[in-house]
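User: I would like to learn how to read a metal site and a nonpolar core in a protein model. Could you take me through both, with the general idea before the case?

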Amino acid sequence: MAIKFEADAKKWLTMSYRPLEIESEIRDFWEKNRIADKLMKLRERENVGVLGYVEGPPTLNGVPHIGHARGRIMKDLRYRWKSMQGYYIPFWAGWDCQGLPVELEVERMLGVKNKRELLERVGEERFVEECKKTIMKYYEHWREADRKLGLFMNYDREYRTYLDSYIEREWKYLRRAWEQGLLGEGYYVVAYCPGCQTSLSNAEVGLGYEEVEDPSLYFKFRVEEKENEYFLIWTTMPFTIVTDLMIAVHPSAEYAKVKIGEEFWIMARQRVEPLMHELKIEDYSIAETFLGKELEGLKYEFPFKDLIPKQAELDRLPNVHRVVCEDFVDVNTATGVVHLSPGNGEEDFEAAVKRNVPIYVPFDDECNFTGEAGEFSGLFARDADEKVIEGLRKRGLLVHVEKVKHEYPTCWRSHHKLIWLARREYFLWTNKINEKIVEAAEKVEYFYEGPKNRFLAFLKEAKPWCISRERVWGTPLPVWVCEKCGHKILVSSKKEILEKAIPDPATGEKPKLPELHKPWIDRIYFKCEKCGGKMRREPYVLDTWHNSGASPYARFTDEEFEKFVPVDFLVEAIDQTRGWANTLLLEHVILTGKPEAPYKAFLFYGFALDAKGRKMSKSLGNVIEVNPLLEKNSADLCRFYILWKCSPIDSMNFDIEEAKRRPYQVLSTLYHLHRFLYQNAEYDRFDPKKHSLEWAEHNNLLKAPERWLLSKLQGTIEEVNRRFETCEFNFAVSALEKFIVDNVSREYVPMIRRELWTDDPQTLNRRLAIYATLWHVLKTSLLLFNPVTPFITEFLYQQAFRAFDNSLPESINFEKWPIPEERFKNHQLEEEFELLMKAISGSYTARQAGKLKRRWPLRKAVVIAPEKAVKSLEKFRGLFLELANVKEVEFIEKAPENLPTENWVSATEEGIQVLLDTRRDKMLMGEGLMRDLARRIQALRKELGFVPTEILNEAHVAMLGPEKVNLLNPFLEEMAELVRVKKVYVHPDKPEIQALKWHQYELNGEKILIAIT
Ligand SMILES: [Zn+2]
Ligand SMILES: [Zn+2]
């Protein structure tokens, strides 16, 4: 009785590829043996160079989804690959902990609707505590996702952006800006979110455009002292008419006075016809035309002076409610006449400042109109639209109104429509150093043109950076201002603050500063050095992007900063052109004063979409979160699939079902090739230390298939490395796929399989040479796969390689990255094999045409090919016979005159024609039948869990009928050898042997029985 496989002896041997089990085992192995830690220390000690790295910190306001995973996989790939090359990389984690995203998440959890309610009901102290709790909750999710993904990031050295130590170093950037006159206060129009109640930076505005519905309103302003002359104006924001102070025309464009009934309307000449058509006015005529500048200074009647006393007051000032000339007026759309609300528009604001027109901004923090807006007081800005339209209608000034859908900037966090408001803010005047910034950005490697152009175009807009936020949970702006004389100072350390702080006026005690946050820091007052007055802190916190953008300096010590920055390589999602990549750059140029980016290379990757190509969103319910995904699916498979699916810059449609097809096949093939090697090699007592590739070469045991495979391997090493360098990860992964599935599994293994199925001692050395080759090829492949799929590679490395050779390093990650070996490269052989493969493939196609199974041996093949091809095919006649499964082959250059057609099938593959003789005599049929049955017995052995190398006692095949038994008789010994049993019995009927357990199969539509013991 044969020994059944013992499940716990060498468990993986008979296991089919079970990635979830493997991955869980490897996670434990890494953790128990602190492999990631050891790798980092090893490279810190011994390296070929240092490559700086700073982690782009994920914001801890939500759980990681597949888009995050995409970036983290690429980071980890780069880290493992470069570490194997011998570089030391401080692959230390970092977390973005402050800012609006975290605040909003906490507000949502606390169930508060806005900032006022937050301050009243919750209070700043508790709010800050809640923010900390929340980030720690999400921190756990992220750590778990990283663990599942197999990231080798170091967390002992992680940074968190809310810690005092980090904030103090972040303040150094502000200190530098202050010294250079690049930080200051300004009254400026900023995009303001009424929901979040804070301004947004330009970069943030670009993050969220959505299709929204707004009124499209045509209205008239009457020219003063003219009974029936009007300006025709268009807007989608009627509420801004409340804050209207001027109207603008283009000075050099042609304008027309159009007669409609008894009235004259002024508009751009070129817009007359399209507008009349749009407004369905058929009866009109152009009374007069003139240049825009002729309108300058004309006074118009602001229609709501009765409703808004403040406007009536402003009306008396020079330039207010008059026509001004501005080049920004676009006469290609709308009416070519625009109304200006300096409190609600950037260009409007600038036009007003130029003309000393005051800025009228009657809004509170929630964007409700204040008392200064008269009758509109108390209304939310956008809710005033209706009332404005109604007011115009009553006064006979409404021309046309309808609803339109258009793209409009919304808050990237809360999705509120943004409102442009003039507010007092703090700015980094990065526009003043824009040349340096652009120069710095141009020196960076971006790998792909699209993202590079996008980034540079954005930087060239050169807008100042509004860094103040009217929020709570952020780095405080460390500027104190004197209440009496307005003198300002900037401090940049906790020590400095405490030294300057004056005793609390109420208690007389020195104030405490438990941490560098609101509200504590707001309780600190200084004494003005100019006038002795009381100085209080400006109430702002910093834009959270300033917080994360400070990481290159803030997360390191001075010494580390010198060593690691500019960092070698960063990879983040494409939206970070306006986010982190931007702020890193701006802050670094401010800090160093040099036209230098803090990174040498930056790869921007595309978004992750769902399987149907839709954006993932909470509302669609199609967000794929990392942790639940990897609960049920293999991390290796996801890593491989994400890299394989498309170029890093493309949007990726993530479809786990697709991953389970080809990508799974690749990893499964990799796994089974190792089982194949292991099982055979162990049977022949292969010893890799003795039977090395050098040994095989020395003893002349390598044949053409090995030399070809080794040559292919060198090309694969080159290709993978080259594609990793250029961040074309998809091509690198395809090269691995092609090598493992095609070259090794589909092409090489069939060439040598037969040699391995014998246990003839005469050919033992040849078998050992094959193992030596496979050992080398598979081990090298594992090293190449390791940055992509680190679990299966570690597992196979441990089970198939370290099990044979305990002198190998403790982990595959401590191995050296492969370098192509010149001596194995053989271009000519590769070309010759390509011809051979074509001929083989042609024979398979011909077989299909003749419905002849590949297992059935055929009598003869004729291959017709060009002269050169015939010469190389001749060299591999034996291989052709073996792989095409024919007894005889003829290679000829020209088709014979009377090409046989009857009983022959043929196929042509790229200039090589293959003909096969379809006639099968009894011997050929017997052999074919034997192979069919052998295959079924193999499958049964596997099913019953026998070790493939185990020699069993008996195999029985029954219900064959007398004819088939006859055919099979000459091949019984060969069959026994093939299926590794001592003896094979074939029976025409079902024999009465009690001990046998029969298994039923079908053979060409007929029932047969098989039993093995
Ligand atoms: Zn918002
Ligand atoms: Zn003062």
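Analyst: We will go through the metal site and then the nonpolar cores, bearing in mind that this is a predicted model.

User: Which protein donors hold the zinc ion (ligand 1), and what arrangement do the donor atoms make?

Analyst: As a general guide, the ideal angle at a metal with four tetrahedral donors is 109.5 degrees. In this model the zinc ion (ligand 1) has as its protein donors Cys193 (SG), Cys196 (SG), Cys411 (SG) and Ser414 (OG), at 2.1 to 2.3 Å. The four donor atoms subtend angles of 98 to 115° around the zinc ion, and the arrangement is therefore tetrahedral.

User: How are the donor residues spaced in sequence, and which parts does the pair Cys193 and Ser414 tie together?

Analyst: The spacing of the donor residues is C-x2-C-x214-C-x2-S. Cys193 belongs to strand E5 (residues 183-193), while Ser414 sits in the loop between strand E16 (398-409) and strand E17 (419-428), so the pair ties together parts 221 residues apart in sequence.

User: Are Cys193 and Ser414 buried or exposed?

Analyst: Burial is read from relative accessible area, with under 20% counted as buried. Cys193 is buried at 0%, whereas Ser414, at 23%, is partly exposed.

User: What does the largest nonpolar core contain?

Analyst: The largest nonpolar core has 246 residues, and Phe654, Phe833 and Phe880 are among those with the most contacts inside it. Helix H27 (residues 729-756) gives the most to this core, with 14 residues. Beyond its neighbours within four places in sequence, Phe880 is in contact with residues including Leu836, Ile840, Val863 and Phe891. A second, separate core of 70 residues includes Leu275, Phe302, Val329 and Val337.

Definitions and conventions. Residues are numbered from 1 along each chain as its sequence is written. Chains are lettered from A and ligands numbered from 1 in the order in which they are written. This is a predicted model: local features need pLDDT of at least 70, side-chain atom pairs count only at pLDDT 80 or more; totals for chains, interfaces and linings use all residues. Side-chain values use heavy atoms; hydrogens and water are left out. Donors are N, O and S atoms within 2.8 Å of the metal (3.2 Å for Na, K and Ca); water is not among the atoms, so sites may look incomplete. Four donors count as tetrahedral if all angles lie between 85 and 135 degrees; four count as square planar and six as octahedral if opposite donors are over 155 degrees apart and all others between 65 and 115; anything else is irregular. Helices (H or I, at least four residues) and strands (E, at least two) are DSSP runs, numbered from the N terminus. Buried means under 20% relative accessible area, exposed over 50%, partly exposed in between (1.4 Å probe, protein chains only). A nonpolar core is a set of buried Ala, Val, Leu, Ile, Met, Phe, Trp, Tyr and Cys residues joined through side-chain atoms within 4.5 Å. Contact means heavy atoms within 4.5 Å.
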